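Biologist: I would like to check some labels with you. Each one should be set against its cut-off.

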Amino acid sequence: MKLADYVIEMLNITKIFPGIKANDNITLQLKKGEIHALLGENGAGKSTLMSVLFGLYQPEEGCIKKNGEVVEIRNPNDANALNIGMVHQHFKLVECFSVLDNIILGVEPNKMGFLQKADARKKVLELSERYGLKVDPDAIVEDISVGMQQRTEILKMLYRENEILIFDEPTAVLTPQEIDELMQIMKNLAAEGKSILFISHKLAEIMAVADRCTVLRKGKYIGTVNTKDTTVEELSAMMVGRQVNFKVDKKPSEPGEVVLDVQHVTVPSKIHKNNAVKDVSFQVRRGEIVCLAGIEGNGQTQFVHALTGLDNLSAGTITLCGKDITKASIRNRSKAGMSHIPEDRHKHGLVLDYSLEQNMVLQRYWEPQFQRSGFIKFDAVREYSDRLIEQYDVRSGQGSVTIARSMSGGNQQKAIVAREIDKDPELLIAVQPTRGLDVGAIEYIHQQIVAVRDAGKAVLLVSLELDEVMNLSDRILVMYEGEIVGQFDPKTVTVEELGLYMAGAKRMEV
Amino acid sequence: MKKKNTSPLLERTKGGLTSVIAALICIVIGLIFGLVFLFILDAEHAWKEGFVPIIQAGFRNVGNETLKKVGMNWATVGQEIVEAAPLIMTGLSVAFAFKTGLFNIGAAGQYTVGAFGGLFCAIVLHLPWWACLLVATLFGALWGAIPGLFKAYLNINEVITSIMFNWIGLYAVNTLIYNRGNGVMYNLKQSQTYALKDVSPRSLIPSKLFGWDMYGTFKYGSISIAIFLAILVAVVILVILNKTTFGYELKACGHNASAAKYAGINEKRSIVLAMVIAGALAGFGAGLYYLAGGAQWDPQNSTALPSAGFDGISVALLASLNPVGCIFSGLFISHLSTGGAQMTQIYFPSEIADVVSGIIIYLCAFSSLFKGKILSLLSRPAKAKEKATEQTAKEKEGNEQ
Ligand SMILES: Nc1ncnc2c1ncn2[C@@H]1O[C@H](COP(=O)(O)OP(=O)(O)OP(=O)(O)O)[C@@H](O)[C@H]1O
Ligand SMILES: [Mg+2]
């Protein structure tokens, strides 16, 4: 028998969930030492397919081969025994454990039941050095950035000496700098002979690192191509079945009266003694999209939390449509016309154990439209939710009654965006609104945000992605270490120039 | 792609069915364990004098000729019903808190304090029964509010505060009632609180319902409309949880407090309110029992928390946290406890009876454990198919080589 061509073969996999065939006869073959990208719309079945490989789901049909031999993967332990490791779309770390504890969890080195952490620490530090995965082994996971959490997840796989590495949308939560680092790390790993499966919605990334790319659409296998022989346009057409417009079409903005007026806002930090946001002042007018740009961790999150009422500010005033809302409750801010697409969809955006329709009215269930003397009008809720699902193409197994937890990450995001935009707000605060969305959905959401602007509303966009910043905004504010250090017109500024301000190398008086 | 083929109603009935099956499995396992225990103790009498009486429980006497003559053969059934009412209520208390993300292990304390409130209004103030019941509810609510406040504003786990306030409640009530033998509610001769029928008959929950005299049917002293009140409350709780915006808010807080806050729900207020309601339900249960004359409070002997409080956890879990399910599981657990007392005393002393019914009740709490198993069993056919395809795949491979 000749040596198998493929390390992993997933043959004719079918996985059925209530109401949906998430994978319909899909075949995926992974060569040793290659980076193989998996591309597809939100809900196409990418995460499901990877979960099957990792033993989280049992397929209804099909088989998996490793090095040409049929293997049975009943649970993640089996996967681990076959040297398969996975970094999930939503990380699976124990929040209150240290980085080191998380890495060794499940394979704790011990002598007669006593933990031997010293050896483990040495090994982790070696790995971290070798692959350039900077982590602090003693930091508690809930205190560290998402980037470091992800490096922890990668170290977890390397610590287990996994040979087949699955990355489910690893770049969705990273900053551009971290993405570059990750790409380099992946290339190094592949060069060492490890085989990588890589899910991403960002076509440029796939073109940059992947050798081959398999495309799925609505649970079905479309094809596998060599990235050398294809283009971004071709890939996106394969994926959504039509041409995608990457540039946002919009008229020049015509700013009207002031909607949001932020004056001297200061927010204390929860981690260190300094303020996270220092004396920030700006205005957003009707008919304009103002973008707050910056590298992650420069106070944007804290600022938005203070603005939306999730946290308190220590100084300054916030005025919305002429009304002082500095001390207003979240509900009253919402009533005054504020709408908020939150950064963390699982923490704030959704009640995961509620159905999709219950989540669709999360901000509005109390309106007379949806309740009468305290009793929910179920028909009205269903009707409303069905309309949003239709309009925003939110895909799920069972429509309105699907439990949000079972939905694909991108469709969860689409549901939130639909809910917040449809509230018809005076001010839309959109934090990373297209995180985890496929190119088709991004196109649609961008159009919707522009439509909100054109309807004479104000939009405050917070984004880490420079493409989005440059494409969508009418005015850019750069935040660095809690201060606004520059204001730009996207038509006249270059990405390089912005980068200098974001990194703190330059600043202007605003 | 396949069209949607699962109706939500079908899914829901399937869920409900699974809960019922899981509960039944638990009951059977509990009964088997109880039986084994009886066999270990005394194999000879385990079945006839031990197990059968437990199963028959209150119904053992139905048809008994001697008792029939004095019209008492339904009395133990009446007793089951009387004991069920407080169990249903503490079960509701625990279930309600669970649904809103809180573990109310303090139902026992809320029950105790509620009993005190009700009895005080009856024995000392001679208020009508409904007023006493209301005060019992309020006292329970107050005792539930304390852990709620600690949880909401100081982030102290409700389990710890509930347990502490269980004991604080118990000893406070004992002290207040006894007061070195001078307590106004304390009947020194009987060494317990005064019987309501002697000191304040109007404080007793009536036993007549639309002209039906329940006492006439059951001939059990403390039979009253309490059971119907409990059933009514269970339905109200079901409606609150599933049909109202208030229930929507509370459950949202229970599932994800951050998202609830983001949605403009006052999550601190919700936590406190959830505990207040849970406490009120337990207090109401105490009122239903003590104001029916089910028992008097003995402050010197009551050094353990009333078991109704903790049995409430079993009631709630056996019912898969469904308020209406609590009615049935409450009745069942009351049936078992009554059954324990029906075992033949010379072979099985009452402590053993408590142990056996305790074992069964304890195992009833495991029903959620079986739910997952049943669900995976229901999807077995799919698994079998998967095996088959794997087989063919393997064969194909063999042929290729
Ligand atoms: N545990 C589950 N129970 C029920 N349905 C599920 C479950 N997991 C996934 N699905 C459904 O299967 C489909 C595919 O989901 P999957 O998560 O694989 O999509 P995806 O390709 O990873 O999408 P995204 O890019 O949005 O992450 C979705 O329609 C989803 O609703
Ligand atoms: Mg996914």
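Modeller: We will go through burial, salt bridges, the ligand and a surface patch. Keep in mind that the model is predicted.

Biologist: Why is A:Glu153 called buried?

Modeller: Its relative accessible area is 2%. Buried means under 20%. So A:Glu153, at 2%, is buried.

Biologist: And what makes A:Lys156 buried?

Modeller: A:Lys156 has a relative accessible area of 18%. The limit is under 20%. Therefore A:Lys156 counts as buried too.

Biologist: How do you know that A:Glu153 and A:Lys156 meet in a salt bridge?

Modeller: The N to O distance between their side chains is 3.5 Å. The cut-off is within 4 Å, from a Lys or Arg nitrogen to an Asp or Glu carboxyl oxygen. So the pair qualifies. Both residues lie in helix 5 of chain A, residues 146-159. They sit 3 residues apart, about one turn of the helix.

Biologist: What makes A:Glu465 and A:Lys202 a salt bridge?

Modeller: Their closest N and O atoms are 3.9 Å apart. The rule asks for within 4 Å, so this pair passes. The two residues are 263 residues apart, and the pair links distant parts of the chain. A:Glu465 is in the loop between strand 22 (458-463) and helix 16 (466-472) of chain A. A:Lys202 is in the loop between strand 10 (195-199) and helix 7 (203-209).

Biologist: Why is A:Glu465 called partly exposed?

Modeller: A:Glu465 has 27% relative accessibility. Buried is under 20% and exposed is over 50%, with partly exposed in between. So 27% makes A:Glu465 partly exposed.

Biologist: Why do A:Lys491 and A:Asp489 get separate labels, exposed and partly exposed?

Modeller: A:Lys491 has a relative accessible area of 71%. Exposed means over 50%, so A:Lys491 is exposed. A:Asp489 is at 31%. That value falls between the two limits, so A:Asp489 is partly exposed. Their side chains meet in a salt bridge at 3.9 Å, N to O. Salt bridges that share partners also join A:Glu257, A:Arg286, A:Asp424, A:Glu426 and A:Lys457 into one network. Over all chains, the structure has 34 salt bridges.

Biologist: Now ligand 1. What makes the oxygen atom of ligand 1 by A:Glu169 part of a polar contact?

Modeller: That oxygen is 3.2 Å from an N or O atom in the side chain of A:Glu169. A polar contact needs a pair of N or O atoms within 3.5 Å, so this one counts. A nitrogen atom of ligand 1 is 3.1 Å from a polar backbone atom of A:Ser406. An oxygen atom of the ligand is 2.7 Å from a backbone N or O atom of A:Gly410. Taken alone, ligand 1 exposes 640 Å², and the protein buries 90% of that.

Biologist: How many residues surround ligand 1, and of what kinds?

Modeller: There are 23 residues around ligand 1. They divide into 6 nonpolar, 14 polar and 3 charged.

Biologist: Last, the patch. What makes B:Ile32 fit in a nonpolar patch on the surface?

Modeller: B:Ile32 is partly exposed, at 48%. Patch residues need over 30%, so B:Ile32 meets that condition. B:Val28, B:Ile32, B:Val36 and B:Ile40 form the patch, with about 380 Å² of accessible area together. B:Ile32 is found in helix 1 of chain B, residues 8-41.

Methods:
Residues are numbered from 1 along each chain as its sequence is written. Chains are lettered from A and ligands numbered from 1 in the order in which they are written. This is a predicted model: local features need pLDDT of at least 70, side-chain atom pairs count only at pLDDT 80 or more; totals for chains, interfaces and linings use all residues. Side-chain values use heavy atoms; hydrogens and water are left out. Patches are made of residues with over 30% relative accessible area and no salt bridge: like charges are joined within 9 Å, nonpolar side chains (Val, Leu, Ile, Met, Phe, Trp, Tyr) within 5 Å. Accessible areas come from the Shrake-Rupley method with a 1.4 Å probe; for residues, only the protein chains shown count as cover. Helices (H or I, at least four residues) and strands (E, at least two) are DSSP runs, numbered from the N terminus. Buried means under 20% relative accessible area, exposed over 50%, partly exposed in between (1.4 Å probe, protein chains only). A residue is near a molecule or strand if one of its heavy atoms lies within 4 Å of it. A polar contact is a pair of N or O atoms within 3.5 Å; within protein, one must be able to donate a hydrogen and the other to accept it, and residues adjacent in sequence count only if both atoms are side-chain atoms. Ala, Val, Leu, Ile, Met, Phe, Trp, Tyr, Cys and Pro count as nonpolar, Asp, Glu, Lys and Arg as charged, and the others, Gly among them, as polar.
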